[in-house]
Amino acid sequence: MIQVGDHLPQATFRVIGPEGPIARTTDDVFKGRRVVLIGVPGAFTPSCHRNHLPGFVTHRDEILGRGIDAIAVTSVNDVFVLDAWSKASGAEGLEFLADGNADFAKAIGLEMDGTGFGLGMRSKRYSMLVEDGVVRILNVEETPSKAEVSGAEALLKVL
């Protein structure tokens with residue numbers, strides 16, 4: 001599992017651009033920037049949709065006001081689902097990074113096997129602060145249905 005002080009591995013995410021899906025690499029997202037990255041098991045799932053993402057939407061300006069360049073959300077969903085989720089959540093100004101095959105989640109050791117629930121491979125729930133590609137803060141939930149140590153309020157206490 002990735003640790004504080006580690007560099008993020010190279011990975012490719014998908015995002016919605018003006019003409020449709022485009023690829024963005026780890027460097028595209030994190031190089032030269034301070035980014036809060038939120039990992040969630042799935043868009044529209046109850047804990048993600050009702051408990052985890054809303055805190056970052058509500059506290060967006062406060063988080064960005066602490067010298068953060070961007071708030072990014074990644075999930076093991078396709079780019080179209082993440083685009084719909086961002087719109088349905090009123091999450092304008094947050095970057096949604098589709099990790100459709102769980103390549104990034106696996107590369108950082110934060111994948112979660114949800115096959116017993118019919119979900120396939122997913123990401124664990126976490127939040128982290130990444131500075132120029134290096135993990136500076138890492139908060140991983142022990143229980144996937146909880147959004148306590150990885151929530152916006154908890155992160156704000158240590159930013």
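## Exercises on a predicted model

Ala102 is buried, with a relative accessible area of 1%. The structure is a predicted model, and each exercise below is followed by a worked solution.

### Exercise 1: two residues with positive phi

Task: Find where Ala102 and Asp132 lie in the chain, and decide for each whether the residue is buried, partly exposed or exposed.

Solution. Begin with Ala102, which is found in the loop between β5 and α5, the latter spanning 103-107. Its phi is near 65°, which is a positive value in a residue other than glycine. Most residues other than glycine have a negative phi. Next comes the surface: buried means under 20% relative accessible area, and because the value for Ala102 is 1%, this residue counts as buried.

Now turn to Asp132, which lies in the loop between β8 (126-131) and β9 (134-140). The phi of Asp132 is near 50°, again a positive value in a residue other than glycine. The range between 20% and 50% is called partly exposed, so Asp132, with a relative accessible area of 47%, is partly exposed.

### Exercise 2: the hairpin of β8 and β9

Task: Describe how β8 and β9 pair, and work out what the burial of its residues says about β9.

Solution. The first step is the direction of the pairing, which is antiparallel and extends over six bridges. Within this pairing, Val130 stands opposite Val135 in β9. The second step is the connection: the two strands form a hairpin with two residues between them, and Asp132, with its positive phi of about 50°, is in the turn. The third step is the surroundings of β9: six of its seven residues are buried, and therefore this strand is largely enclosed by the rest of the structure.

### Exercise 3: an aromatic cluster

Task: Search the structure for aromatic pairs, and classify the geometry of the pair formed by Trp85 and Phe96.

Solution. A search of the whole structure gives three aromatic pairs. In the pair of Trp85 and Phe96, the ring centres are 5.8 Å apart and the planes make an angle of 80°. Two rings pair if their centres lie within 6.5 Å, and planes over 60 degrees apart count as edge-to-face, so the arrangement of Trp85 and Phe96 is edge-to-face. The pair links distant parts of the chain, with Trp85 in helix α4 (residues 79-88) and Phe96 in strand β5 (residues 95-98), 11 residues apart. Both Trp85 and Phe96 are buried. To complete the picture, add Phe44, which forms one aromatic cluster together with Trp85 and Phe96.

### Exercise 4: two pockets

Task: State the volumes of the largest pocket and the second largest pocket, and describe the residues that line each of them.

Solution. Start with the largest pocket, in which about 230 Å³ of space lies. It is lined by 13 residues, and the closest to its centre are Pro41, Met112, Leu119, Pro144 and Ser145. Two elements, α2 (46-58) and β6 (111-113), give two or more residues to this lining, and the largest share, three residues, comes from α2. Sorted by class, the lining of the largest pocket has seven nonpolar, four polar and two charged residues.

Continue with the second largest pocket, whose volume is about 160 Å³. The residues that line this pocket include Thr12, Phe13, Arg14, Asn77 and Asp103. Strand β1 (residues 12-17) gives the most to the lining, with three residues. By class, two residues of this lining are nonpolar, four are polar and three are charged.

### Exercise 5: an annotated cysteine

Task: Locate the residue at which UniProt places the feature "active site", and decide whether this residue is buried or exposed.

Solution. The UniProt record, an unreviewed entry, places this feature at Cys48. In the model, Cys48 lies in helix α2. The relative accessibility of Cys48 is 0%, so this residue counts as buried.

### Exercise 6: separation in sequence and in space

Task: For the pairs Gly90 with Gly39 and Ala84 with Met1, give the separation along the sequence and in space.

Solution. Gly90 has its place in the loop between α4 and β5, and at 33% relative accessibility it counts as partly exposed. Gly90 and Gly39 are 51 residues apart in sequence, while their C-alpha atoms are 18 Å apart in space. Ala84, by contrast, is found in helix α4, and with a relative accessible area of 36% it is partly exposed. Ala84 and Met1 are 83 residues apart in sequence and 30 Å apart in space, C-alpha to C-alpha.

Conventions: Residues are numbered from 1 along each chain as its sequence is written. This is a predicted model: local features need pLDDT of at least 70, side-chain atom pairs count only at pLDDT 80 or more; totals for chains, interfaces and linings use all residues. Side-chain values use heavy atoms; hydrogens and water are left out. Rings of Phe, Tyr and Trp (its six-membered ring) pair if their centres lie within 6.5 Å; planes under 30 degrees apart count as stacked, over 60 as edge-to-face and the rest as tilted. Helices (H or I, at least four residues) and strands (E, at least two) are DSSP runs, numbered from the N terminus. Buried means under 20% relative accessible area, exposed over 50%, partly exposed in between (1.4 Å probe, protein chains only). Two strands pair if DSSP finds at least two bridges between them. On a 1 Å grid over the protein atoms alone, a cavity is a set of points where a 1.4 Å probe fits but cannot get out, and a pocket is an open set with protein on both sides within 12 Å along at least five of seven lines; lining residues have an atom within 4 Å of a point. Grid points are joined across faces, edges and corners, and a volume is the space filled by probe spheres set on the points. Ala, Val, Leu, Ile, Met, Phe, Trp, Tyr, Cys and Pro count as nonpolar, Asp, Glu, Lys and Arg as charged, and the others, Gly among them, as polar. UniProt positions are given in the numbering used here, feature names are shortened, and annotations may be inferred rather than shown by experiment.
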